[in-house]
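Me: I'm new to this one and would love a friendly walk through its helices and strands. Could you show it to me before I start asking?

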Amino acid sequence: MGNIIRENFDAGKSAAERVKNALSGKKLFAMVETYGCQQNVNDSQKYEGMLLEMGYELTDEREKADFIMFNTCAVRENAENRVFGNLGALKHLKEKKPDMVIAVAGCMPQQKEVAARIRAKYRHVDIIIGTHAMEKFPELLENVLEQRARIVDIEEHDTVCEGIPTNYGGGAKAFVSIMYGCNNFCTYCIVPYVRGRERSRQAEDILCEIKALAHSGVKEITLLGQNVNSYGKDMGQKEGFAELLKKVDEIDGIERIRFMSSHPKDISDEVLKVMAQSRHICRALHLPLQSGSDRVLKEMNRVYDTEKYLSIVERARELMPNLPLTTDIIVGFPTETEDDFEKTLEILKKVRYDSIFSFIYSKRAGTPAAKMTPCATEDEIKARFDKMLEVQNEISAEINASQVGEEQLVLVEGRSKNDPEMLSSRNEANKIVNFAGGDELIGKIVKVKITRAQTWVLFGELAEEDE
């Protein structure tokens, strides 16, 4: 990997100011529609921040928008198909509003063949921008507005740009990216090809951002990276992530700290100790397994086996008894047999995850797994997937039922989408807890007594204040 270029958002800020001056007097609306992971959500917040700097107002209505961006995901085929379908639907809207600007950003256009497809078949798209060019966005938009030209920027470069304005949304929670890219090259995964190699931000820049968030009233931050445990290794720091966690834990005002995702091959004993000894790091860990078969793990290039994985779980729960765990599971990897799948179920029963994020394998062109010959039919894979959900749902329901009667601290996020009479909150394990209460509690951490449990949701009531 070449030298990392570290720069500030100076050129983008100047371009944003020029766009704002050019649009002066016009009331224009912009929307950014996000597909994919939390990293994409954080990227979209940056795009929104830049749009606000340029004088746009944000909207959720496509018909109202003068600028529409799809910030895309390339991890699964379904997400890509949804984007193409929605792009096609925008053609008629563009015909009604020819001055509208349409952009496609993120992981999909970072693939050259996808960028070429968008350019050839969706000619109403004005800007095609990859994951490496975000800081250039104001300049690209400026060129489109001035010249009405179509622009493609999917050049790859190892850049970390600081100072990009970010629209965090004004709530009590915020995402903070601590690094970009991935060096792991799991055989099923497109991420290293579209996000580039690992590039860590300087700790002082991360801490400065978090302190500003704390000052604005944010109570909970989630540190993001494709592999947060690798933070600092590209800068020669062996325990960079553990040291960063210690410093974040010292920031006044931040009451909850989360992080994701953790790769089992890199999580260190020092990180687990820091979690156990910290004041504000949530005692909950997302630790992707992907498969319970050592043979499949090797073919996935995960660089750990189930013995190593289970030793991490054992150590984590030794330091933090009853630690809630969540994980990622892929069902139907090309070489997965029925026996391999049963080994995954064994791990689920042994670890007893609070919940899992499960996916049916999605073939990604350009990855080594795409060349592997599947050894199971779609029906067989679907049957495995359903069986796994049945097993996990039972475990999740049992764990939740065991928490009835407990008093838990929760961060109140707002009104429940399913029942506006109830407040929706999350406990330390990041589970939804609904309870009755007033709007004055939104954004606060309060104590709730759990009174009822479902498989995915807990219900409770405000606990009495301690004397």
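Me: Over how many bridges do β14 and strand β15 pair?

Reply: This is a predicted model, where local features need pLDDT of at least 70, side-chain atom pairs count only at pLDDT 80 or more, and totals for chains, interfaces and linings use all residues. Residues are numbered from 1 along each chain as its sequence is written, and side-chain values use heavy atoms, leaving out hydrogens and water. Helices (H or I, at least four residues) and strands (E, at least two) are DSSP runs numbered from the N terminus, and two strands pair if DSSP finds at least two bridges between them. For β14 and β15 (residues 325–331), the pairing is parallel and the number of bridges is two.

Me: In β15, which residue is the bridge partner of Leu-285?

Reply: β14 covers 285–286, and Leu-285 has its bridge partner in β15. That partner is Leu-325.

Me: Which strands stand at the edges of the sheet with the order β14-β15-β16?

Reply: This sheet is open, with three strands in parallel pairing. An edge strand here has a single partner, so one side of it is left without a neighbour in the sheet. The edge strands are β14 and β16 (355–360).

Me: At about what angle does α14 run to β16?

Reply: Helix α14 spans residues 378–401 and lies across β15 and β16. Angles run from 0 to 180 degrees between N-to-C directions, and axes are lines fitted to C-alpha atoms, for helices over the stretch in contact. With β16, the angle of α14 is about 175 degrees.

Me: Are α13 and α14 roughly parallel or roughly antiparallel to each other?

Reply: Helix α13 (residues 338–351) packs with α14 at an angle of about 10 degrees, their axes 10 Å apart. Contact (heavy atoms within 4.5 Å) involves residues including Phe-341 and Leu-345 of α13 and Met-388 and Val-391 of α14. Angles under 35 degrees count as roughly parallel, over 145 as roughly antiparallel, 65 to 115 as roughly perpendicular and the rest as oblique. The two helices are therefore roughly parallel.

Me: Which residue in β12 does Ala-174 stand opposite?

Reply: β9 (173–177) pairs with β12 (residues 220–224) in the parallel sense over five bridges. Opposite Ala-174 in β12 stands Ile-221.

Me: Which helix packs on the sheet, touching β9, β12 and β13?

Reply: The strands of this open sheet have the order β9-β12-β13. The helix in question has a direction that makes about 95 degrees with that of β9. Covering residues 38–53, it is α2.
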